[in-house]
Each structure stands twice: as C-alpha cells, then as structure tokens.
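Work through the exercises below with the sequence and the structure in view. Each task is followed by a solution in steps.

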Amino acid sequence: MKTRDWLVNGNGNYELCPSVRPWSLLKDNYRLYRFLTEVEDTINDVEDEYIKLPEIRRLVRKLILNSYWVNSQRFNPKPKNGIAVSLLYEELGFPFTVQTVKFFPGAMSTIHTHGTWGVVGILKGQEKNTFWQRKDSANGQIRLERTGELILLPGDIISFNPDVIHSVEALGDEPTITFNIYGETKMQQRFEFDKNTHTIKRF
Ligand SMILES: [Fe+2]
C-alpha cells in the first residue's frame, strides 16, 4: 500500500509532501467523532484553514487506518453518472463535510472547483486526478490548460488548496472508493467547466 501525501496548488501544480509513518498513527477506538473533534480543533480560529492541510492529512490517514466502519460504507448500487456518495457528516454551521465516494469503473467527474479546501484518501481501487489552469482568451472565452495528472492508489492522500481545478476518473475494473473531507464551500467559487462550450456553471 502506498502512503504518499500530495498537495495541489491553485496553479495546477502538485507536490509530494512528508507523510507520517502509519504505525505511529495506530490507535484503538479512533472513531469518526474523535476525527471530527480533532479536525474542528485544528482549524478553530484559523483564518486561512488550508494552511492546516498537513495536519488534516495526518488526521485523515489516522482515521482511515483505524476505522473499519469508514472503510466498509455501503453505496447506492446504481448511482447517477456512476458516482455514489455516502455522506458521513454534515451540519449547518459546522466548518467541514465528510463523505465516502464510490466511482464505478469508467466513471468520470466533470472538470470542477470545490470553492474550498479538500483532502481525499484512496481506500480502494485507483483514480486519475487531472489538474487544470484557467487561461481565458483575450475575447473573454473561458479556456482551460491541462497542467498535469496523478494516478492515485490505496493509501495515497491528496489535498487541494481552495482554488484548484480538477477532474477525476476511475481507473481499472474495480470500483474506486475514497474518503473525502471538504471545508465550507464558498458557493460563488464552486464551478463546473464545459470544455466544449467554454462555459462554467455553478453546481
Ligand atoms: Fe473534486
């Protein structure tokens, strides 16, 4: 199993970050509610929450290493677009949302932003993350330039600064299952891009 930590920046570039050794994170009874509390404490009173991504990645690794429950979520067998979401925690006014996501083989997301920071841990299968940078043309048309891609395997954790543009595709014959945490979405900064019509829409 891979234990790589990645950080993607708004310009579409990514970097490999130091990763905590798994055996130093083993803990009995480390459950979702402990994780929620530790992440909440980590970003409490922090203005730019994304500066805490290294610590949030560490806590995500701790949770997915220790929680059988998180690793055994069930999903809708016939989801829209081949992507099923199991919402684990969401509360109005709470600063982040936690979910597991299943991509059936061949499923592909749109090119999108989240309007917030995010951390995604690969639990099963593999996925290709493609990164984009916005390079609008002189006449104001929206254009995207592909800046790179990463193939992620179980144990990989990828984190995103708030202005990242990416798309995700499940690779291989097995479903891809991920654990995802996102900060509070700024709706006016969350977009889907249509590469053919050069338009964006909120989602
Ligand atoms: Fe995404």
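**Exercise 1.** Which residues are linked with Lys128 in a network of salt bridges?

Solution. The model is a predicted one. In this model, the network of salt bridges joins Lys128 to Arg146, Glu149 and Glu169. The count of salt bridges comes to 11.

**Exercise 2.** Find the salt-bridge partner of Arg4 and decide whether each side chain is buried or exposed.

Solution. Step 1: Arg4 pairs with Asp156, and their closest N and O atoms are 2.7 Å apart. Step 2: Arg4 lies in the segment before β1 (5–8), whereas Asp156 sits in the loop between β8 (144–152) and β9 (157–160). The two are 152 residues apart, so the bridge links distant parts of the chain. Step 3: buried means under 20% relative accessible area. Asp156, at 0%, is therefore buried, while Arg4, at 25%, is partly exposed.

**Exercise 3.** Which helices does the salt bridge between Lys62 and Glu38 link?

Solution. Step 1: the side chains of Lys62 and Glu38 meet at 3.3 Å, N to O. Step 2: Lys62 belongs to helix α2 (residues 53–66) and Glu38 to helix α1 (residues 32–43), 24 residues apart. Step 3: Lys62 has a relative accessible area of 9% and is buried; Glu38, with 27%, is partly exposed.

**Exercise 4.** Where do Glu145 and Lys135 lie?

Solution. Step 1: Glu145 and Lys135 form a salt bridge, with the closest N and O atoms 3.6 Å apart. Step 2: Glu145 is in strand β8 and Lys135 in the loop between β7 (126–134) and β8, so the pair ties together parts 10 residues apart in sequence. Step 3: Glu145 is partly exposed at 38%, and Lys135 is partly exposed at 40%.

Terms used. Residues are numbered from 1 along each chain as its sequence is written. This is a predicted model: local features need pLDDT of at least 70, side-chain atom pairs count only at pLDDT 80 or more; totals for chains, interfaces and linings use all residues. Side-chain values use heavy atoms; hydrogens and water are left out. A salt bridge is a side-chain nitrogen of Lys or Arg within 4 Å of a carboxyl oxygen of Asp or Glu. Helices (H or I, at least four residues) and strands (E, at least two) are DSSP runs, numbered from the N terminus. Buried means under 20% relative accessible area, exposed over 50%, partly exposed in between (1.4 Å probe, protein chains only).
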